Amino acid sequence: MNLRRIAYAAAAGVVIAALAAFPLVASGYHLALGISLLYFTVLATAWALFSGPTHYISLATAAFFGIGAYTTAVLTELLPWPLVPVAAAAVGVMVALVVGLSTLRLSGIYFVIFSFGLAELIRQLVTWYEVNIHGSVGRYIFADTTSEGIYWRLLALAVMVLCAGWLIRHSRLGLAVRVIGQDETVARHCGIDTTRAKLALFAVSAAFMTVTGAVMAPRWTYIDPAIAFNPMLSFEVVIMALFGGAGTLFGPLLGAVPLVLLFEMLIATFPNYFSVVLGAVFIVIIYALPNGVMGLLRTKLPPLRRAALQIGMSSLAENATRVVWPRAVERAAAIDGPVLQFDQVRKAFGGLLAVDSVCFELRRGEILGLIGPNGSGKTTVLNMISGALRADGGEISLDGSSIAVLPAHRIAQRGVARTFQLVQVLPVSSCLENVMAGLVFHAPLLWGVAADVRARSLLSRVGIADKVDAPAGQLTYIDQKRLELARALALSPNLLLLDEWLAGLNPSELQVAIALVKMLRQEGLTIVIVEHVMDAIRSLCDRCVVMNAGRKIAEGPPSAVLTDHEVIRAYLGDADA
Amino acid sequence: MTLALDIVLSGLVLGGMYALIALGLTLQYGIARIMNLSYGEFLVAAAFAALYLYSGMAVNPIVGLIVVVPASFAANWLLYQIVLMPLVKRAENQGMLEVDSILGTFGILFVIQGVMLLTFGGTLQSYSYLSVPVHILGTTLALNRILALLFALVIGGALYLLLSRTRYGTALRAIAVNSDAARLSGINIRSASALAFAAGGAIVGAGGVLISMFLTFSAAMGVVFTMKALIVVIMGGVGNLLGALIAGLLLGISETAVARLVDPGLTIAVTYALFLSVLLWRPTGLFGRSAR
């Protein structure tokens, strides 16, 4: 393994050295081509840093590039050169933070539209400023830079952006955005601050784009807003990244090289047909290569780790070793009161009062069954506890402190873990990565080998140790439920919320699953289950809260509430009560 | 006072056009689920067709509608059936179709724009039809603008009636709300979607003809109209016709006001400022359903 790394590093060193020596032998034309190749490589890779994992299609490349170019134009005579790109990066990051903070909470399409117009917006503002305040539309750039200098700077930038991409992929931030890209709700319930993660990556990507603009600006000697903020640039970068494969580190590079050469050829031979051919290339790419060149390579190459995958059920490890849930044990020792207090909580969807002044308490170490007919508000109650929904009124407190207005990721970090009624796994990620997502975004921070070992032990705890590397989307329904539980347990919870986790199991699986939940309680977890399987409720629950039409109608031990007249009426109607 | 009235009237005409083209985009995006970035290219193509009919064959634009609207309907129907259908079939979910259709129509945008640039060149075009001043409430407005607004109202009203009062319109609205449930109720989603997409195309064709009567246009301007239609649709709340109408008028009036009072170069800045503030205030648009 180490030897292979050294070999890779050596090969990369040789390639970089060869590329660095290129201007010494190249003609002017080839040097210009080299510059084009490098700057599109940097832009496409930077674009994919953010848009690849998050699937937010950003058309703001031209905006950041233009900002960089203008920073050089304005500052080049005021600052020594090395400070200019630094200043450009700072401006780019600032703009990215402002824009990102206001638009990244917009979902897919809204973001595309806004980024589509951002370049135009900035271009109009700059033009207005230049004409009315600066006094002329264009600016001359007198920097004593040669083409070779620009080439080398771009090469350095390309190496930096690829290194940054590699580091991010192998970092917590990289994992966070991969999770966000697949399921943002799951991400929040794993304790990921989704806004911050997206914003951070957007800013990094923008910084590289801005610096590219700053480095490229001296090429033109004269710039005006129409040159600097050319919207075509955003489109070209998107095509290149997608052509190569935006989900991979080297994909954008593989896309940029052939397309830059193609565009170069088109402009030289059919300048008038450029737009038509560009469009046609785009359409062909979308149809023929939905996952880009890298995707094509992957499907053609033999799968490396697929062999281990077995389709089918594996049994729960019944003799699994007992674990201790540190957070649950600590809190049990330190805090005397109930784990959770739900006090006069209300939630309405438009005119429908889904939860109406519900109160209950959750004692430490108990299993509480939350039951009631469909539509009675059970899942809404869970959603308010986990922070997926915010209550309209009332108070929810966890271990004595209020969590009613906390966002979901903060509640997850405080030790509330959940599964979802409709099972939600990260379909593209491996089972290991699914569990990792729950494991690494809360205190005490875990990463690397320690996290890997812990994730594997959790997978074997729920009985799917043999599917570590399988993509979660390929598991059977039951295995996906187990995986979801492993991810919830990875949060090292104090309180576990199971939303119809037992639904759909066959009788023998049900027995195993019930045993597992019982064992979790013995190990110190407090558990809320929402369930329709009455056998499970009878054998698991210490107490039940029964809801109907948003109100609590009964509370007590299962045997008592299940014979209560009002409960029977709620489930079966007046005739049977 | 006259200036204010002038701004409001001109803004209403422009806003009415925005609302009309947003209506067509609502059909394409809300029902056919295609995020069509080449939408504005069809508007510009229709404008060129009107120009050609008027200056080449002396057919006035209102009569021209009879030719251009069905042609645009047919072109969009074919586009959906031939080019977009493979993407619809391939998509596993709404999100995938959205991304694929954005990228696919992006390519179409360049192809159409390139063809128009080759055919008509990149210069600004216009023609003069019924540019007689009409005096209203102490200010003047060209007759062609009034006519355009009237036609926009008629077309928009007719569409509203079709959607709300007919059996087929009900089916289309059902698809917009929940396409899976609509399929289970016996509605043929594919053919209805193709029809909705084509109807959206017909409307943008009509919009192109009407706009060409009083605005200058060029082969490269399609993107601007796509943007504005999208902004109006999103600001009004996706799928909400009344919202689109109000957002369109709001945009038209504020653009006109800024162009007259501040600087004509800042209209897009205004558009975006308005767009952003509405979205920050109400993330699902002025009249959007709140997300659960």
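**Exercise 1.** Is A:Ile6 buried or exposed?

*Solution.* The model is predicted. Start by locating the residue: A:Ile6 belongs to helix H1 of chain A, which covers residues 2–25. Next, take the count of neighbours: 9 other C-beta atoms lie within 10 Å of A:Ile6. A residue counts as exposed if this number is 12 or fewer. A:Ile6 is therefore exposed.

As a further step, relate A:Ile6 to a residue elsewhere in the chain. A:Asn494 is 488 residues away along the chain, and 44 Å separate the C-alpha atoms of A:Ile6 and A:Asn494.

**Exercise 2.** Describe how helices H3(A) and H11(A) are arranged, and list the residues in contact.

*Solution.* Two quantities are needed, since packed helices are described by the angle and the distance between their axes. Helix H3 of chain A spans residues 61–75 and helix H11 of chain A spans residues 231–244; their axes come within 7 Å and cross at roughly 125°.

Now classify the angle. Angles from 65 to 115 degrees count as roughly perpendicular and those over 145 as roughly antiparallel. The angle here fits neither class, so H3(A) and H11(A) are oblique to each other. The crossing of these two helices is right-handed.

Then list the residues. H3(A) contributes A:Thr61, A:Ala62 and A:Phe65, while H11(A) contributes A:Pro231, A:Leu233, A:Ser234 and A:Val237. Sorted by class, this contact has five nonpolar and two polar residues, and no charged ones.

**Exercise 3.** Describe the side of chain B that touches chain A.

*Solution.* Begin with the totals: the contact takes 31 residues from chain A and 35 residues from chain B. On the side of chain B, the elements giving two or more residues are helices H4 (94–120), H9 (222–236) and H11 (267–281). H4(B) supplies the largest share, 18 residues. By class, the residues on this side of chain B are 25 nonpolar, six polar and four charged.

**Exercise 4.** Which stretch of chain A has a pLDDT below 50?

*Solution.* Take the whole chain before the stretch. The average pLDDT of chain A is 85, and 93% of the residues score at least 70. The pLDDT is below 50 over residues 301–319 of chain A; this stretch has 20 contacts in the model beyond near neighbours in sequence. Where pLDDT is low, predicted coordinates should not be read in detail.

**Exercise 5.** Summarise chain A as a whole.

*Solution.* Count the elements: chain A has 24 helices and 12 strands. Of its 577 residues, 47% count as buried. Along the principal axes, the C-alpha atoms fill a box of roughly 90 × 55 × 45 Å.

How values were computed
Residues numbered from 1 in each chain as written. Chains lettered and ligands numbered in written order. Predicted model: local features only at pLDDT ≥ 70, side-chain atom pairs only at ≥ 80, totals over all residues. Helix = DSSP H or I, 4+ residues; strand = E, 2+ residues; numbered from the N terminus. Buried ≥ 20, exposed ≤ 12 C-beta atoms within 10 Å, placed from the backbone. Contact = placed C-beta atoms within 7 Å. Nonpolar A, V, L, I, M, F, W, Y, C, P; charged D, E, K, R; others polar. pLDDT = per-residue confidence, 0-100. Axes fitted to C-alpha atoms, helices over the stretch in contact; angles between N-to-C directions. Parallel < 35°, antiparallel > 145°, perpendicular 65-115°, else oblique. Left-handed = near helix turned anticlockwise from the far one by under 90°.
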